Amino acid sequence: MRWLGRRESSNMEDRRTSSGGKIALGGGAIGIIVLLLNIFMGGDSSQILDQLQQGGQTESTGAPLSAQDEEMGKFVSVIQADTEEVWSKIFQENGMTYQEPKLVLFRSSIETGCGGASSASGPFYCPEDQKVYMDLAFFDELKSRFGAEGGDFAIAYVIAHEIGHHVQTLLGTSAKVREMQQNVGGTQANKLSVALELQADFYAGLWTHYNEKKNAMLEEGDIEEALSAANAVGDDAIQSRTQGQVVPDSFTHGTSEQRKYWFSRGFKSGDIKLGDTFNEL
């Protein structure tokens, strides 16, 4: 994708050279399961982090950044700036003011407003401090473990999805979902989680629509990168790989086809009013 020469965000914190301290991890198997089930902000971040508070220890190294690391940091900062501009415009069009979140890059482990976190949780949004947390090593996992195509637009898609969770926080959607989940059974609570995740995919597509109109960022194959990532991390695809069977009642993110559909709907329509996943599943 085209990104060089655009504004970088002042809301990015690069902590990759800082030691994140120690965090408890629940062993290899649990770490992998958490990674699998929480890609693209899988569920409530506090629940994710609670699962990590058991077992052995890991510690970040504070190693210096390579030239490639520096370049990736700039790329992420530009995408963050793009999300700020797009969502400020969308909120303004709807009579609201957008509150910009921060995006934090880290290695291995980090302390957040939602507790201690590690790379095993995948990229996630913490509503308590309104920050997106991301270890870029995740994208190597996305390609090698899950068979996604990779590429820079896949990273932009993940960032846009996490920012979608911030939008849900600002609009009160996330709070309403948590309240409803407390009053229903497990299967219905899972369906609400699926709707929340698919709406974040829709918002990622919506961001892509607006940003393409403004910056002409897309190159051949970019949308395919996003769809490949969405396909790789659908609940059905993950369960088929990890347990050999698919259990729809346990879905929390949506199927591969659902994730691709809602991203595409946001991208093609450019209309935030068409993102009501809660009444269309």
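The secondary structure of the chain comprises 10 helices and eight strands. The model is a predicted one. The chain has 281 residues, and 51% of them count as buried. Its exposed area is about 12,000 Å². Carbon and sulfur atoms account for 48% of that area. Contacts were also sorted by separation along the sequence. Of those between residues at least 6 apart, 78% connect residues at least 24 apart.

Four strands build an open sheet. Their order is β1-β4-β8-β7, and the pairing is mixed. Strands β1 (12–14) and β7 form the edges, each pairing on one side only. On average, neighbouring strands of this sheet are turned by 25 degrees against each other, with direction ignored. Strands of a sheet pair through backbone hydrogen bonds, in either the parallel or the antiparallel sense. For β7 and β8 the sense is antiparallel, and the pairing extends over three bridges. Within this pair, F124 stands opposite Y133 of β8.

Two helices are considered next in relation to these strands. Helix α3, residues 67–93, packs on the sheet. The strands that α3 touches are β1 and β4 (102–105). The direction of α3 makes about 165 degrees with that of β4. Helix α5 spans residues 152–171 and lies across β4, β7 and β8. Relative to β7, α5 runs at about 25 degrees. Strand β4 thus appears in the descriptions of both helices: α3 touches β4, and α5 lies across β4.

Backbone torsions were examined in two loops. Most residues other than glycine have a negative phi. Residue Q130 has a positive phi, near 55 degrees, and is not glycine. The loop that holds Q130 lies between β7 (124–126) and β8 (131–134). This loop therefore joins the two strands that pair in the antiparallel sense. With a relative accessible area of 25%, Q130 is partly exposed. The reason is the cut-off: buried means under 20% and exposed means over 50%, so a value of 25% falls in between.

The second case is A216. Its phi is near 45 degrees, again a positive value in a residue other than glycine. Residue A216 sits in the loop between α7 (186–215) and α8 (222–232). The relative accessibility of A216 is 39%, so this residue also counts as partly exposed. The loop of Q130 thus lies between two strands, whereas the loop of A216 lies between two helices.

Definitions and conventions:
Residues numbered from 1 in each chain as written. Predicted model: local features only at pLDDT ≥ 70, side-chain atom pairs only at ≥ 80, totals over all residues. Heavy atoms only, no water. Buried < 20%, exposed > 50% of the residue type's maximum accessible area, 1.4 Å probe, protein only. Pairing = 2+ DSSP bridges. Axes fitted to C-alpha atoms, helices over the stretch in contact; angles between N-to-C directions. Contact = heavy atoms within 4.5 Å. Areas by Shrake-Rupley, 256 points an atom, 1.4 Å probe, with all protein chains shown as cover.
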